[in-house]
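Student: I would like to learn how to read aromatic pairs, strands and salt bridges from a set of coordinates. Could we work through one example together?

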Amino acid sequence: MATDSSHLAHTAFDPFKQNGIYQITTKTQTASLLSKQLSTYLKKQKVPVGYLLTDSTFIPYLSTFQNIKLSVKLAKPKLRNSDFLILDALEEMNISSKLAHKPVQELTFTQLKEVQLISAIFSEKKVMIVDSWLDNLSETEQVNWLLIFKNFVKEQGITFILLTNSEKIAEHSDYTFNDQEVKLNFLNKKSD
């Protein structure tokens, strides 16, 4: 299903213009460096960027609920009564209200990724950068995450940029790029 990007023009890599799942293989750069470059590039384009990263993006002394509420408050300061929506979304991910009010460190790895996703969605992020943690999952777990991502692409118009070398993910991605193609795009955009 993945489309090789070699026939696409350099300007075709504008994932915020075409919703979908993009895979960028990280053969010559580290995923963290590429993630920083992508983040900088997208922020310059004024695209709201969210993250599903190996390392937690949460404040450790706050509860899961408080972390999500803080990110929502920063993104949408005028939104009122977000508590019910947040707790409902956590419950959908099988995170009980009791667990939601405990420190974020008590979550499992999978729950932490789900909470990162919920937080980004509630904060209205339109592009999600997912670093290489997917590489460490089984093929079944990778496919399950891809199904979750595809649902958000379809239902909410979110774009996912996956920084991974997984062949299984490449099969299910809408487009695949290598990090050198992406680097060329950054250079071309700067000179435009």
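Tutor: What follows takes these features in turn, and please keep in mind throughout that this is a predicted model.

Student: Let us begin with the rings: how many aromatic pairs does the structure hold?

Tutor: A pair of aromatic rings is described by the distance of the centres and the angle of the planes. The structure holds 6 aromatic pairs, and one of them joins Phe109 and Trp133 in an edge-to-face arrangement, with 5.9 Å from centre to centre and 75° between the planes. Phe109 belongs to helix α5 (residues 109-122), while Trp133 sits in the loop between β4 (127-130) and α6 (139-156), so this pair ties together parts that are 24 residues apart in sequence.

Student: Is Trp133 buried or exposed?

Tutor: Trp133 is buried, because its relative accessible area is 1%, whereas Phe109 counts as partly exposed at 38%. Trp133 also pairs with Trp145, again edge-to-face, at 5.2 Å centre to centre with 80° between the planes. That second pair links the loop between β4 and α6 to helix α6 itself, across 12 residues, and Trp145 is buried as well. Taken as a group, Phe109, Trp133, Trp145, Phe149 and Phe160 form one aromatic cluster.

Student: Which residue lies over the face of Trp133?

Tutor: Lys113 does, at 5.7 Å from the ring centre.

Student: Turning to the strands, which way do the side chains of β4 point?

Tutor: In a regular strand the side chains alternate between the two faces of the sheet. In β4, Val127 and Ile129 point one way and Met128 and Val130 the other, and all of them are buried.

Student: Which strands are joined to β4 by bridges?

Tutor: Strand β3 (residues 49-52) runs parallel to β4 and is joined to it by 4 bridges, with Tyr51 standing opposite Ile129. Strand β5 (residues 159-163) is likewise parallel to β4 and joined by 4 bridges, and here Val130 has Leu162 as its bridge partner. Following the chain through β4, α6 and β5 then gives a β-α-β unit, which is right-handed.

Student: How should I read the charged pairs, and how many salt bridges are there?

Tutor: Side chains of opposite charge can pair when their charged atoms come close. The count here comes to 4 salt bridges. In one of them, Lys69 meets Asp83 with the closest N and O atoms 2.3 Å apart; Lys69 is in helix α2 (residues 64-75) and Asp83 in helix α3, 14 residues apart along the chain. Both partners are partly exposed, Lys69 with a relative accessible area of 29% and Asp83 with 32%.

Student: Which residues are linked in a network of salt bridges?

Tutor: Glu139, Lys168 and Glu171 are linked in this way. The side chains of Glu139 and Lys168 meet at 3.8 Å, N to O, and because Glu139 lies in helix α6 and Lys168 in helix α7 (residues 167-172), the pair ties together parts that are 29 residues apart in sequence. Lys168 also forms a salt bridge with Glu171, where the closest N and O atoms are 3.4 Å apart, and these two both lie in helix α7, 3 residues apart, or about one turn of the helix. As for accessibility, Glu139 is exposed at 51%, while Lys168 is partly exposed at 22% and Glu171 is partly exposed at 43%.

Conventions: Residues are numbered from 1 along each chain as its sequence is written. This is a predicted model: local features need pLDDT of at least 70, side-chain atom pairs count only at pLDDT 80 or more; totals for chains, interfaces and linings use all residues. Side-chain values use heavy atoms; hydrogens and water are left out. Rings of Phe, Tyr and Trp (its six-membered ring) pair if their centres lie within 6.5 Å; planes under 30 degrees apart count as stacked, over 60 as edge-to-face and the rest as tilted. Buried means under 20% relative accessible area, exposed over 50%, partly exposed in between (1.4 Å probe, protein chains only). A charge sits over a ring if NZ of Lys or CZ of Arg is within 6 Å of the ring centre and within 35 degrees of the ring normal. Two strands pair if DSSP finds at least two bridges between them. A crossover is right-handed if, with the strands pointing away from the viewer, the path from the first strand over the helix to the second runs clockwise.
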